[in-house]
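Work through the exercises below with the sequence and the 3D view open. Try each task before reading its solution.

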Amino acid sequence: ILDARVTGVGAFDLSLNDSNGNILMARTSSMGFYFPDGSPLSTDGNASLAYVIPADGRYLMRVADGFG
């Protein structure tokens, strides 16, 4: 399970891509409201994502400022 979050000033864009550059998941806000109380996954931050990696391999995590 990949659990990532970005905190700071401004908007952020997180995306997880496979080795071919295909976007598997992208978020511009926190996923915290999807998880129950007590979840070990990130529930705060400007943007967060949690993803079950389906297979061994190379993946790319992209973090952008969310503008332009």
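**Exercise 1. The sheet**

Task: State which strands form the open sheet, in what order, and which of them lie at its edges.

Solution. Three strands make up an open sheet, and their order across it is E3-E2-E5. The pairing is antiparallel. The model in view is a predicted one.

Next, look for strands that pair on one side only: these are E3 (23–27) and E5 (59–64), the edge strands. From one strand to the next, the twist averages 15 degrees.

Now take one pair. E2 and E3 are joined by four bridges in the antiparallel sense. In one of the pairings, Asn-17 has Ile-23 of E3 as its bridge partner.

**Exercise 2. The whole chain**

Task: Describe the secondary structure of the protein chain, then its burial and its surface.

Solution. Start by counting elements: the protein chain has five strands and zero helices. Along the sequence this reads β-β-β-β-β.

Then turn to burial. The protein chain has 68 residues, and 31% of them are buried. Its accessible surface is about 4500 Å², with 52% belonging to carbon and sulfur atoms.

Last, consider contacts between residues at least 6 apart in sequence. Of these, 57% join residues at least 24 apart.

**Exercise 3. The largest nonpolar core**

Task: List the residues of the largest nonpolar core and find which element gives the most to this core.

Solution. The core has eight residues: Val-6, Phe-12, Leu-14, Leu-16, Met-25, Ala-47, Leu-49 and Tyr-51. Two elements give two or more residues each, namely strand E2 (13–18) and strand E4 (47–51). E4 gives the most, with three residues. As background, nonpolar side chains tend to be buried together in soluble globular proteins.

**Exercise 4. Two polar residues of one strand**

Task: Decide whether Asp-13 is buried or exposed, do the same for Ser-15, and give a polar contact for each side chain.

Solution. Asp-13 lies in strand E2. Its relative accessible area is 16%. The cut-off for buried is under 20%, so Asp-13 counts as buried. The side chain of Asp-13 makes a polar contact of 2.9 Å with the side chain of Arg-62.

Ser-15 is also in strand E2. With a relative accessible area of 0%, Ser-15 is buried. The side chains of Ser-15 and Asn-17 are joined by a polar contact of 3.4 Å.

To complete the picture, leave aside the neighbours of Ser-15 within four places in sequence. Ser-15 is then in contact with Met-25, Ala-26, Leu-49, Leu-60, Met-61 and Arg-62.

**Exercise 5. A loop residue**

Task: Locate Asn-22, classify its exposure, and give its distance from Leu-60 in sequence and in space.

Solution. Asn-22 is in the loop between E2 and E3. Its relative accessibility is 41%. Partly exposed covers the range between under 20% (buried) and over 50% (exposed), so Asn-22 is partly exposed.

For the distance, count along the sequence: Asn-22 and Leu-60 are 38 residues apart. Their C-alpha atoms are 9.7 Å apart in space.

Finally, check the contacts of Asn-22, leaving aside neighbours within four places in sequence. Asn-22 is in contact with Leu-16 and Asn-17.

Methods
Residues are numbered from 1 along each chain as its sequence is written. This is a predicted model: local features need pLDDT of at least 70, side-chain atom pairs count only at pLDDT 80 or more; totals for chains, interfaces and linings use all residues. Side-chain values use heavy atoms; hydrogens and water are left out. A nonpolar core is a set of buried Ala, Val, Leu, Ile, Met, Phe, Trp, Tyr and Cys residues joined through side-chain atoms within 4.5 Å. Buried means under 20% relative accessible area, exposed over 50%, partly exposed in between (1.4 Å probe, protein chains only). Contact means heavy atoms within 4.5 Å. Accessible areas come from the Shrake-Rupley method with a 1.4 Å probe; for residues, only the protein chains shown count as cover. Two strands pair if DSSP finds at least two bridges between them. Axes are lines fitted to C-alpha atoms, for helices over the stretch in contact, and angles run from 0 to 180 degrees between N-to-C directions. A polar contact is a pair of N or O atoms within 3.5 Å; within protein, one must be able to donate a hydrogen and the other to accept it, and residues adjacent in sequence count only if both atoms are side-chain atoms.
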